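Subject: Structure handover and notes

Dear colleague,

I am passing on the structure we discussed, and I would be grateful if you could look through it alongside the notes below.

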Amino acid sequence: MPGSKTDVAILRTPCSFNIVQCYLGRGRRFLKGVIKVSFAQMVEEIISVRGLFHRYQDGTQAVRGVGFSVMRGEIVSLIGPSGGGKSTILRCLNGLVKPSGGEVRFLGSLVRYRRDDLMFLRKRIGMVFQEFNLIPNLSVLMNVLIGRLSFQSYFRQAIYSFTKKDREVAIKALAKVGIQDLARKKARELSGGQKQRVGIARALAQEPVLLLADEPVSNLDPVTAERVLAHFVKLCREENLTAIINLHSVELAQKYCDRIMGVKAGQVIFVGRKEELQGEVLNEIYRDETSEQANAG
Ligand SMILES: Nc1ncnc2c1ncn2[C@@H]1O[C@H](COP(=O)(O)OP(=O)(O)OP(=O)(O)O)[C@@H](O)[C@H]1O
Ligand SMILES: [Mg+2]
């Protein structure tokens, strides 16, 4: 509420602008205007998940009642044994998989997995993949421009045509990951570390609200892996981007992420800060009950 001193009130609208009113002493309004701040920029809880379930068509119950929320600017890591459900959770968040139960809210809105929802998710959520997912025979620049595809008309999408602004955004994204000099090279000519930098640039070119990364550095040698992850996290911090990263390395998760979630057998069995992820907790996350049962038998 406007008080006795200078104050600013922002009235949210459902459109891509908000009404700003500035008050100067005793509620006297001295400025009223419209700013083009999207609702997305005002929301602090970027994504939340409640009672998420997913069963694949073959009957595999991959996710069993997962719930969490991630706030703007947070870097959260999902760790846990192979097959625990980490990738499936990420895919439910960006609509690659439609969960069989539960709810996902992105920027405060319930995701219903309809076509328009999916288009919105693909525009606003960037994804970085373990296998890089580049098109080998296209140039680095073209691969990054693919991150802009969802902003194009159907016609432009069909012929891979991009605007001058798209090219500027893509070149800027390449500069952010430090490989603008490689823009003309073919993706197949790059090293693994360079390929993943292109993958990150492609995600950044989307100008995303949320970044998801599924084992982004598992295919790299340890030194390059840490270098690429450190750079990725640094960019997120600088731009106040929110990220959820699946990692196999507990050490990297502890070093670079604000919060860690331990995922096992389709459930989140630990949520906490790096200091809390030690001894018994770690043993519990990675203990292999199936082999214990086999040994006992
Ligand atoms: N397309 C699919 N069809 C059927 N089952 C699947 C499919 N994808 C994953 N699964 C199964 O779902 C479970 C969870 O898999 P998911 O890939 O989400 O685990 P993960 O924690 O990412 O594992 P990893 O650490 O090895 O990447 C596993 O049992 C897996 O075999
Ligand atoms: Mg996985």
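The notes below go through conventions, the core, one helix, one strand residue, the ligand shell and a sheet.

Residues are numbered from 1 along each chain as its sequence is written, while chains are lettered from A and ligands numbered from 1 in the order in which they are written. Please keep in mind that this is a predicted model, in which local features need pLDDT of at least 70 and side-chain atom pairs count only at pLDDT 80 or more, whereas totals for chains, interfaces and linings use all residues.

The largest nonpolar core (a set of buried Ala, Val, Leu, Ile, Met, Phe, Trp, Tyr and Cys residues joined through C-beta atoms within 7 Å) has 71 residues, and V144, A173, A201, L211 and L212 have the most contacts inside it. Its largest share, six residues, is supplied by helix α7, residues 192–205; helices here are DSSP runs of H or I with at least four residues, and strands are runs of E with at least two, both numbered from the N terminus.

Helix α7 is largely enclosed by the rest of the structure, because 12 of its 14 residues are buried, where buried means that 20 or more other C-beta atoms, placed from the backbone, lie within 10 Å of the residue's own. The elements covering those buried residues include β9 (125–129), α4 (140–145), α6 (164–176), β10 (210–214) and α8 (222–238). Within α7, A201 touches V144, A173, L174, K176 and V177, leaving out residues up to four places away in sequence, a contact being two C-beta atoms, placed from the backbone, within 7 Å. Just after α7, E207 takes a positive phi of about 50°.

A243, in strand β11 (residues 242–246), counts as buried because it has 28 C-beta neighbours inside 10 Å. Its contacts, apart from neighbours within four places in sequence, are I75, L211, A213 and C236, and the C-alpha atoms of A243 and L211 are 4.6 Å apart although 32 residues separate them in sequence.

Around ligand 1 the shell consists of Y56, D58, T60, A62, S82, G83, G84, G85, K86, S87 and T88, each with its C-beta atom, placed from the backbone, within 6 Å of the ligand. Helix α2 (residues 86–94) gives the most to this shell, with three residues.

Finally, an open sheet of four strands has the order β5-β4-β7-β8 with antiparallel pairing, a pair requiring at least two DSSP bridges, and its edge strands are β5 (61–71) and β8 (109–110).

Best regards
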